[in-house]
Amino acid sequence: MFDEKDKKIAAESEACRLFDAQVADYLEGEDRPVVLAHAKECAFCGVLLADLQGLMVQSQGMPLVDPPARVWANIRATLAAEGVLREQGTLWERWFSRLTLFGSPAAVGALAALVVLAVGLSVSRNVVGPRPAAVKPAPIATQETVALPAISSEDNALARTMAELESSYRVRKVSFEPAVQATYDRGLDSLNASIQECRDSVQREPDNSLAREYLLAAYEQKAQVLTAALEYDGR
Amino acid sequence: MTGDVAEAEDLSQEAFLQLFRKIGTFRGESAFSTWLHRLVVNVVLMHLRKKGIQQVPLEETDSSQEEPVRREYGDEDKRLMRSIDRISLDRAIAQLPPGYRAVFVLHDVEGYEHNEIAQIMNYSVGNSKSQLHKARLKLRDWLREHRTGELASGSAADPTAEQKG
């Protein structure tokens with residue numbers, strides 16, 4: 001004969017089994033009154049149900065993460081090497097592309113020197129005083145860069161992207177011939193110097209829109225050089 | 001789905017490359033998102049097979065060998081999710097077997113329905129539901145064990161921790 005305590009344990013156990021069998025359907029939104037009723041009576045099953053519901057809520061709020069910039073750069077480089085990708089780019093990029101400028105490591109140094117010169121001239125002029133409108137040079141960057149948000153967040157994001165691209169480049173450049181490697185490195189060093197100079201100017205004069213514009217242009221050039229280096233296939 | 005950031009990046013890259021190479025084979029017989037997810041899952045599963053990782057079989061599992069739901073816990077027990085942060089949940093998901101992890105991520109994180117997951121993973125809707133429930137139970141167990149460990153070390157460091165609840 002069972003005493004009252006044994007009968008209660010047996011009933012709970014049976015009810016718990018029924019709960020186990022139906023709780024998944026209940027969580028899927030199906031009508032299972034047994035589950036809720038038992039969860040109120042049984043502390044163990046009540047906690048189990050609360051845990052599972054909490055887990056579902058937490059999971060739904062998990063952020064979806066985008067791959068970093070180097071993944072896209074590698075994808076582009078691989079597809080370009082396979083001939084699957086033919087990038088259109090902006091008018092500026094197409095012009096350079098026609099000149100095969102970025103594909104030629106020797107030209108990267110020349111380009112970097114040009115950028116350094118342009119940035120150096122414009123920033124130093126701007127620090128001394130405003131330029132007359134008549135001698136304002138054509139901006140290197142596209143017009144959109146002028147409308148970019150505050151430099152600090154943009155600068156941080158760009159710096160992160162550059163760091164990722166540079167990290168991919170460091171891996172890739174091991175396979176380059178020493179002369180090619182040196183040319184790209186020289187070009188990047190020059191661009192880094194320009195970026196640093198522009199950043200100093202922006203920090204000194206936060207309202208200097210031209211310095212900001214040239215900083216973004218220098219970043220843009222660096223991104224293009226790094227991308228070109230990642231796509232460089234030895235020709 | 002891999003439980004490892006570097007592997008996930010490599011596989012994202014491979015999946016996008018496959019997408020570019022195979023886009024011409026998409027015939028519109030299913031939603032593009034389902035086709036794409038199937039492609040991604042295939043890339044991941046191929047990778048796991050190459051690594052020789054034991055996977056949860058994709059066919060129906062034998063319910064007679066299922067582990068019972070764990071109910072034992074101490075007086076200090078509180079509802080679990082009040083003490084779980086996203087980092088812990090990330091870690092818990094990473095330790096799930098790949099088959100369970102895939103279903104859990106697709107359903108509970110990305111919001112896919114069971115019929116879509118069944119199409120993506122190439123098994124039945126019932127199996128998708130069953131694997132999801134087991135995945136949740138495993139996560140719950142892991143999180144409880146993880147939290148119990150933290151509570152134990154916390155109690156050792158702070159003798160008043162138990163009274164604080």
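What share of the contacts in chain A with a separation of 6 or more comes from residues 24 or more positions apart? I looked this up before anything else. The share is 69%, where a contact means heavy atoms within 4.5 Å.

**Conventions.** I note that this is a predicted model, in which local features need pLDDT of at least 70, side-chain atom pairs count only at pLDDT 80 or more, and totals for chains, interfaces and linings use all residues. Residues are numbered from 1 along each chain as its sequence is written, chains are lettered from A and ligands numbered from 1 in the order in which they are written, and side-chain values use heavy atoms, with hydrogens and water left out.

**Chain A, overall.** I counted 9 helices and 0 strands in chain A. Helices (H or I, at least four residues) and strands (E, at least two) are DSSP runs, numbered from the N terminus. The order of elements from the N terminus is α-α-α-α-α-α-α-α-α. Of the 235 residues in chain A, 40% are buried. Buried means under 20% relative accessible area, exposed over 50%, and partly exposed in between, with a 1.4 Å probe and protein chains only.

**Chain B, overall.** I found 7 helices and 0 strands in chain B, running α-α-α-α-α-α-α from the N terminus. Buried residues are 38% of its 165 residues. In chain B, residues 24 or more positions apart make up 69% of the contacts with a separation of 6 or more.

**Cysteines.** I searched the whole structure for disulfides (a pair of cysteine sulfur atoms within 2.5 Å) and got 0 over all chains. Why is Cys16(A) not bonded to Cys45(A)? The sulfur of Cys45(A) is the closest cysteine sulfur to that of Cys16(A), but at 3.6 Å it is too far for a bond. Cys45(A) is likewise in no disulfide. Cys16(A) is buried at a relative accessible area of 12%, and Cys45(A) is buried at 0%.

**Helix 3 of chain A.** Cys45(A) belongs to the buried set of helix 3 of chain A, which also includes Gly46(A), Val47(A), Leu48(A), Leu49(A) and Met56(A). I checked the length of this helix, residues 43-60. The expected span is 1.5 Å times one less than the number of residues. For the 18 residues of helix 3 of chain A that gives 26 Å, and the end C-alpha atoms are 26 Å apart, which agrees.

**Helix 4 against helix 9, chain A.** I looked at how helix 4 of chain A packs on helix 9 (residues 209-231) of chain A: the angle is about 50° and the axes are 9 Å apart. Axes are lines fitted to C-alpha atoms, for helices over the stretch in contact, and angles run from 0 to 180 degrees between N-to-C directions. The pair is therefore oblique; angles under 35 degrees count as roughly parallel, over 145 as roughly antiparallel, 65 to 115 as roughly perpendicular and the rest as oblique. The crossing is right-handed, meaning that the near helix is turned clockwise from the far one by less than a right angle, while anticlockwise would be left-handed. Ala73(A), Arg76(A) and Ala77(A) of helix 4 meet Thr227(A), Leu230(A) and Glu231(A) of helix 9.

**Helix 1 of chain B.** Helix 4 (69-82) of chain A is also among the elements that cover the buried residues of helix 1 of chain B, together with helix 2 (32-51) of chain B. Those buried residues include Leu11(B), Ala15(B), Leu17(B) and Leu19(B). Helix 1 of chain B (residues 5-22) reaches 25 Å from first C-alpha to last, close to the 26 Å expected.

**Helix 2 against helix 5, chain B.** I found these axes coming within 8 Å and crossing at roughly 50°, which makes the two helices oblique. The crossing is right-handed. Thr34(B), His37(B), Arg38(B) and Val41(B) of helix 2 of chain B make the contact with Glu116(B), Gln119(B), Ile120(B) and Met121(B) of helix 5 of chain B.

**Asn122(B).** I placed Asn122(B) in the loop between helix 5 (114-121) and helix 6 (125-157) of chain B. Its phi is near 65°, a positive value in a residue other than glycine. Most residues other than glycine have a negative phi. Asn122(B) is exposed, at 59% relative accessibility.

**Val103(B).** Val103(B) sits in helix 4 (residues 98-109) of chain B and is buried, with a relative accessible area of 0%. Leaving out residues up to four places away in sequence, I list its contacts as Asp108(B), Ile117(B), Tyr123(B), Ser128(B), Gln131(B) and Leu132(B). The C-alpha atoms of Val103(B) and His133(B), 30 residues apart along the chain, are 9.6 Å from each other.
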